[in-house]
Amino acid sequence: MSLQSFAARRALLPLAGLAALTGCGEAEKAFDDGYKTQFVESFTKTCQSSATKGGAPADVAASVCQCAADELVARYGPGELLSLSDEEALPVMQGCARQAGLEV
C-alpha cells in the first residue's frame, strides 16, 4: 500500500465519525458498505499501479490486488481499514499472490 491509499482512507475519516454519531443501524450499514466499496476501488487501483511499476504483468497485478482488497474488506471493518498498516495488509497480499501461483 502506498501513501495515496493511506491518504484516500484518511479522507473518509470524518464520514466514519458521522456514521458513528448517527447511531442508526441502517445508516451505519449503508456507510460501511459504501466505505468498503470505495476502499476496494482505491486499494485495487493503487496496488495495481505499484505492482505494474515494479514489473508485474497487468493481469497478474489486477488479480492479486483484487483478491487482496476483497479479503481485507471481508476481514476488517471500516474503522480498522482506516488504520490498516502495510504490515497488516502484507500477509493478505502474500496469500493472494500464492493463490495466483506466484512465489513470495
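This is a short walk through the side-chain contacts of one chain. The model is predicted.

Let me start with the disulfides. How many disulfides does the count come to? Two. Take C47 and C65 to begin with. Their sulfur atoms sit 2.0 Å apart. The torsion about the S-S bond is about -70°, so this disulfide is left-handed. C47 belongs to helix α3 and C65 to helix α4, which covers residues 58–75, so the bond ties together parts that are 18 residues apart in sequence. Buried or exposed? C47 has a relative accessible area of 10%, so C47 is buried. C65 is buried as well, at 2%.

Now the other link, C67 with C96. Here the sulfur atoms are 2.1 Å apart. The torsion about the S-S bond is -70°, and the link is left-handed. This pair joins distant parts of the chain: C67 is in helix α4, C96 is in helix α6, residues 86–99, and 29 residues separate them. C67 counts as partly exposed, because its relative accessibility is 21% and the buried class ends under 20%. C96 is buried, with a relative accessible area of 6%. Count the bonded cysteines along the chain, and the pattern reads 1-2, 3-4.

Next, the aromatics. A pair of aromatic rings is described by the distance of the centres and the angle of the planes. How many aromatic pairs does a search of the whole structure find? One. The partners are F39 and F43, and they are stacked, with 5.5 Å centre to centre and 20° between the planes. Why stacked? The angle of 20° falls under the 30 degrees that the class requires, so the label follows. Both rings come from helix α3, residues 25–53. F39 and F43 are four residues apart there, about one turn of the helix. F39 is buried, since its relative accessibility is 4%. F43 is buried too, with a relative accessible area of 2%.

That brings us to the core. The largest nonpolar core holds 21 residues. Which residues touch the most other members? They are Y35, F39, F43, A68, L72, L81 and L84. So both partners of the stacked pair appear in that list. The elements giving two or more residues to this core are α3, α4, α5, at 78–82, and α6.

Now T44, a residue of helix α3. T44 is buried, with a relative accessible area of 7%. Where does its side chain find a polar partner? A polar atom of the T44 side chain lies 2.6 Å from the backbone oxygen of V40. Setting aside neighbours within four places in sequence, T44 is in contact with F39, C65, Q66 and A69. One of these contacts, C65, is the disulfide partner of C47.

Last, charges. The count comes to one salt bridge. The side chains of R75 and E71 meet at 2.9 Å, N to O. Both residues are in helix α4, four residues apart, so about one helical turn separates them. E71 is partly exposed, with a relative accessible area of 31%.

To recap: two disulfides, one aromatic pair, one salt bridge, and a largest nonpolar core of 21 residues.

Conventions. Residues numbered from 1 in each chain as written. Predicted model: local features only at pLDDT ≥ 70, side-chain atom pairs only at ≥ 80, totals over all residues. Heavy atoms only, no water. Phe/Tyr/Trp six-rings, centres within 6.5 Å; stacked < 30°, edge-to-face > 60°. Buried < 20%, exposed > 50% of the residue type's maximum accessible area, 1.4 Å probe, protein only. Disulfide = S-S within 2.5 Å. Core = buried A, V, L, I, M, F, W, Y, C linked by side-chain atoms within 4.5 Å. Polar contact = N/O pair within 3.5 Å; in protein donor to acceptor, adjacent residues only side chain to side chain. Contact = heavy atoms within 4.5 Å. Salt bridge = Lys/Arg side-chain N within 4 Å of Asp/Glu carboxyl O.
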